Amino acid sequence: MQVNGTPYRCIWPEADRRSVAIIDQTKLPHCFASVSLRTLDDAVLAIRDMLVRGAPLIGATAAYGVCLGLNEDCSDARLEAVCTALIAARPTAVNLRWAVERMRSLLSNLPLEERLEKAYTEAAAICDEDVRVNEALGEHGLELIREKYAEKGDTVNILTHCNAGWLATVDWGTALAPIFKAHAAGIPVHVWVDETRPRNQGAHLTAWELASAGIDHHLIVDNSGGHLMQQGQVDLCIVGTDRTTCTGDVCNKIGTYLKALAAADNGVPFYVALPSSTIDWTLEDGAKIPIEERDQEEVLLVSGLAEDGKVQQVRIAPEQTKAANPAFDVTPARLVTGLITERGVCTAKKEALLALFPEQNKKQGAEL
Ligand code: MRU
């Protein structure tokens, strides 16, 4: 992704090879700034307070978090403590556990003196893989948009929820990757961007990414999608996911389920774009996915740019009003038209996922 003509990833190692830089997403869209993470605590806080967010980027940050946590001490006890702290930072996105377990299983088998260098190399490999995988799923999603364009002969209108763009990954994004590719291929696309209360990742991040890439879009309130679908103004929905069970139940940002219901009622295809690191092969039932409950202040306060050019927070409900803030919901597989993965598009069914990822069949068999 280019920002003002400069190519960026969302996380990168710094020259000292003992720290990493991230883009502070809490400052966007009004300020584009990076910050250094130097310690395990820095990484845990960056994930928990959502300076980085989006399932694949949380995973990549956690991988580097393991490195930062081992900077001074590579012992077994320290490795365990570091992994435990990172996994506890956010509960829903399975990429976090996936990345930490990958680091743990590699490092725990190495002599202490080799661990630190190998940790940084592995974290870099996780990031490189994320970029490759998202670009590949973008190609598969592009074909769906191309087909819709061939059928319609006019601008393809795509609705997306939250931010599953470049900022949610190391690069490319998941739901937005096919859209970036369609735009680059000269296919006219227009995006309906759900603002995505309470944190407004759509308004703050997706709109910013699309504007930076010169892609036509409108910001809409979260309740508009059903109406737009009834009016025939949505050709496709494409969203990301934080955890998808091996049976195809999709956990994503709160509000996704309502969009899937509206899409099913209106015959609008509902696609979910995901790298395979977001598939939880251990879970068959979406109801078992832990749903993060975040601070009620996220609902009660809204932030934006005030007339004086400073970002301000304002309270939108009476002082005595309490808020509930479940951050994710689960869309049952039956409402999902297809899963767009790095190996192709498949139905949201276990057999279809295993056909694309047959090595999981063997792994599960071996664990029995
Ligand atoms: O709470 P967030 O902003 O981390 O939630 C992000 C989402 O729900 C994304 O849709 C999901 O992580 C997919 S990102 C490619």
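Let's start with a pair of helices: α2 and α4 cross in a right-handed way. Keep in mind as you look around that this is a predicted model. Helix α2 covers residues 55–70 and helix α4 covers residues 94–107, and the two pack at an angle of about 35° with their axes 7 Å apart. On the α2 side, the contact is made by A55, P56, I58, G59, A62, A63, V66, C67 and L70. On the α4 side, the partners are N95, L96, A99, V100, M103 and L107. Sorted by class, the residues of this contact are 13 nonpolar and two polar, with no charged ones.

Stay with α2 for a moment, and turn to its meeting with α3. Helix α3 spans residues 76–87, and its axis comes within 9 Å of the axis of α2, the two crossing at roughly 145°. This crossing, too, is right-handed. Here α2 contributes A62, G65, V66, G69 and L70, while α3 contributes R78, L79, V82 and L86. The contact of α2 with α3 divides into six nonpolar residues, two polar and one charged. You may recognise some names: A62, V66 and L70 touch α3, and they are also listed in the contact with α4.

Another residue of α2 leads us to the ligand. A55, which takes part in the contact with α4, has a backbone N or O atom 2.9 Å from an oxygen atom of the ligand. What else surrounds the ligand? There are 18 residues around the ligand, and R90, Q201, D242, N252 and K253 come nearest. For D242, a polar side-chain atom lies 2.8 Å from a ligand oxygen atom. For N252, a polar side-chain atom lies 2.7 Å from an oxygen atom of the ligand. On its own, the ligand has 410 Å² of accessible area, and the protein covers 100% of that.

Now move along the chain to another helix pair, α5 and α6. Helix α5 runs over residues 112–152 and helix α6 over residues 177–184; their axes come within 7 Å and cross at roughly 65°. The crossing of α5 and α6 is right-handed. From α5, the residues that meet α6 are N134, E135, L137, G138, E139, G141, L142 and I145. Facing them in α6 are A177, P178, I179, K181 and A182. By class, this contact has seven nonpolar, three polar and three charged residues.

Finally, take a look at some backbone details in the loops. Where does R17 sit? R17 is in the loop between β3 (11–13) and β4. Its phi is positive, about 55°, although R17 is not a glycine. A little further on, the peptide bond from L28 to P29 is cis, with omega near 10°. P29 is found in the loop between β4 (20–23) and β5 (34–37). A cis peptide bond also joins R197 to P198, where omega is about 10°. You can find P198 in the loop that lies between β7 (189–194) and α7 (201–213). The span of α7 begins with residue 201, and Q201 is one of the residues that come nearest to the ligand, so to speak a route back to where the ligand sits.

How values were computed. Residues are numbered from 1 along each chain as its sequence is written. This is a predicted model: local features need pLDDT of at least 70, side-chain atom pairs count only at pLDDT 80 or more; totals for chains, interfaces and linings use all residues. Side-chain values use heavy atoms; hydrogens and water are left out. Axes are lines fitted to C-alpha atoms, for helices over the stretch in contact, and angles run from 0 to 180 degrees between N-to-C directions. Helices (H or I, at least four residues) and strands (E, at least two) are DSSP runs, numbered from the N terminus. A crossing is left-handed if the near helix is turned anticlockwise from the far one by less than a right angle, and right-handed if clockwise. Contact means heavy atoms within 4.5 Å. Ala, Val, Leu, Ile, Met, Phe, Trp, Tyr, Cys and Pro count as nonpolar, Asp, Glu, Lys and Arg as charged, and the others, Gly among them, as polar. A residue is near a molecule or strand if one of its heavy atoms lies within 4 Å of it. A polar contact is a pair of N or O atoms within 3.5 Å; within protein, one must be able to donate a hydrogen and the other to accept it, and residues adjacent in sequence count only if both atoms are side-chain atoms. Accessible areas come from the Shrake-Rupley method with a 1.4 Å probe; for residues, only the protein chains shown count as cover.
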